[in-house]
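User: Please take a close look at a single strand and its surroundings in this structure. I should like one connected explanation, suitable for a first-year student.

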Amino acid sequence: MTTPGMATPGTTPPPPVPVVLAGARGHGRWHVENLRRLTERGLVSLVGICELTPLTEAEYGGELPAQSDDFGALLESTGARAAVVCTPIPTHTDLALTAARQGVHLLLEKPPAPSYAEFRRMADGVAEAGVACQIGFQSLGSHALPAIRELIAEGAIGEVRGIGGAGAWARDEAYFRRAPWAGRRRLNGVDVIDGALTNPLAHAVATALALDGSTRAEDVTAIETELWHANDIEADDTSCVRITTAEGRPVTVAATLCAEHPGDPYVLVHGSRGRITFWYKQDRVLLQRADHGPEEYEYGRTDLLENLVGHLTTGADLLVPPDTTGAFMKVVEAIRSAPDPAALPDTAWRTLPAERRRIVPGVDALVAGAADTLSLYSELGADWAPYQAPRKEVSTR
């Protein structure tokens with residue numbers, strides 16, 4: 001068995017794909033290490049880094065490739081064939097189109113854009129240019145997804161009734177000060193939409209939609225949102241969303257960055273005769289069904305940049321092309337167009353001075369309860385979320 005991007009036995013391996021990385025700080029450090037890993041395997045060569053402030057050798061951890069703050073010029077001067085874009089959310093579309101105009105293929109970090117209009121501008125532009133674009137939802141490279149789909153198809157849990165998602169994470173106050181756009185809905189009149197469900201826990205939304213088989217924009221018929229924040233930010237840090245899909249099933253995802261006891265996020269597939277829990281950061285699956293003991297499985301994962309390289313060198317299918325994130329972008333659009341998140345009352349949160357972060361007592365149970373019952377926070381009786389008819393966005397076709 002060969003790995004995507006690797007030569008078959010007895011053949012000459014393709015030359016490394018020259019790659020430029022835009023955004024090497026913050027989450028970009030993960031991409032630097034991944035590029036090193038793939039370089040050691042002979043799959044890529046990092047030929048350039050685009051940063052507004054150049055990296056030092058000490059910061060980079062070795063001899064630096066070419067650097068420039070001009071992305072287009074760097075692509076041209078290095079002869080890059082692919083680019084990784086890990087920059088602030090509002091810059092994604094313009095940088096992606098800059099690469100596309102030069103025939104450079106893309107790994108574009110999630111969320112791909114801060115609005116559905118910007119997403120369509122990006123997706124249509126790269127399609128017209130004829131370049132490959134992979135959206136960086138790493139969880140969608142998990143081998144657990146096809147395994148879960150097979151279990152569902154075999155009827156292991158009966159008829160699927162809905163999908164839940166839960167993410168109870170912690171972020172300190174410095175997290176919301178890490179960049180001018182952090183925790184913002186808009187900056188200088190431009191959409192950012194850096195909320196819990198659209199950025200740090202976006203994987204929970206995208207993975208839940210993928211397991212429902214509802215990944216394209218037309219697969220979404222309605223979206224209900226409840227958006228709150230405990231931290232002193234514009235965006236939401238404690239929120240939930242219920243998506244109605246064309247299949248008629250609810251997909252409910254709840255998230256917080258103010259957990260009392262942070263845990264690994266998961267997606268829960270509800271069936272008429274059992275359920276499947278998928279801890280997507282661990283690639284771990286728990287199958288629980290009637291008349292059987294619990295069964296647990298662990299899976300591997302295909303790296304998305306490696307898959308993009310395989311697409312370019314061997315014709316492997318892309319795992320996450322833009323149109324398969326259209327349903328996720330409908331959720332982003334519903335959150336963008338919703339009223340600004342409401343501040344939780346002072347009585348609903350408290351500060352942990354040692355950790356320099358805010359917690360919402362009881363929110364861990366609410367997040368889990370939303371995924372378990374496919375309910376919104378207000379329907380679960382959160383005293384800071386008195387019931388009101390949730391705002392429902394109907395998807396435009």
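Analyst: Gly167 stands opposite Ala255 in strand β12. This is a predicted model, and the pair just named belongs to a longer run of pairing: strand β7 (residues 160-168) and β12 are joined by 6 bridges in the parallel sense.

β12 also pairs with strand β11 (residues 238-245), where the two run antiparallel and share 7 bridges. Together β11 and β12 make a hairpin, with 4 residues between them. Within that turn, Gly248 has a positive phi of about 85°.

How enclosed is β12 by the rest of the structure? Strand β12 spans residues 250-256, and 6 of its 7 residues are buried, that is, under 20% relative accessible area, so the strand is largely enclosed by the rest of the structure.

One bridge of the hairpin leads to the interior: Ile243 has Val251 in β12 as its bridge partner. Leaving aside neighbours within four places in sequence, Ile243 is in contact with Val205, Leu209, Val220, Ala222, Ile223, Arg249, Pro250, Val251 and Val331. Ile243 is also one of the residues that touch the most other members of the largest nonpolar core, together with Phe71, Met122 and Phe328. That core has 100 residues, and its largest share, 8 residues, comes from helix α7 (residues 202-212). Apart from this core lies another, of 25 residues, which includes Ala168, Ala254, Cys258 and Ala259.

As a general background, nonpolar side chains tend to be buried together in soluble globular proteins.

Terms used
Residues are numbered from 1 along each chain as its sequence is written. This is a predicted model: local features need pLDDT of at least 70, side-chain atom pairs count only at pLDDT 80 or more; totals for chains, interfaces and linings use all residues. Side-chain values use heavy atoms; hydrogens and water are left out. A nonpolar core is a set of buried Ala, Val, Leu, Ile, Met, Phe, Trp, Tyr and Cys residues joined through side-chain atoms within 4.5 Å. Buried means under 20% relative accessible area, exposed over 50%, partly exposed in between (1.4 Å probe, protein chains only). Contact means heavy atoms within 4.5 Å. Two strands pair if DSSP finds at least two bridges between them.
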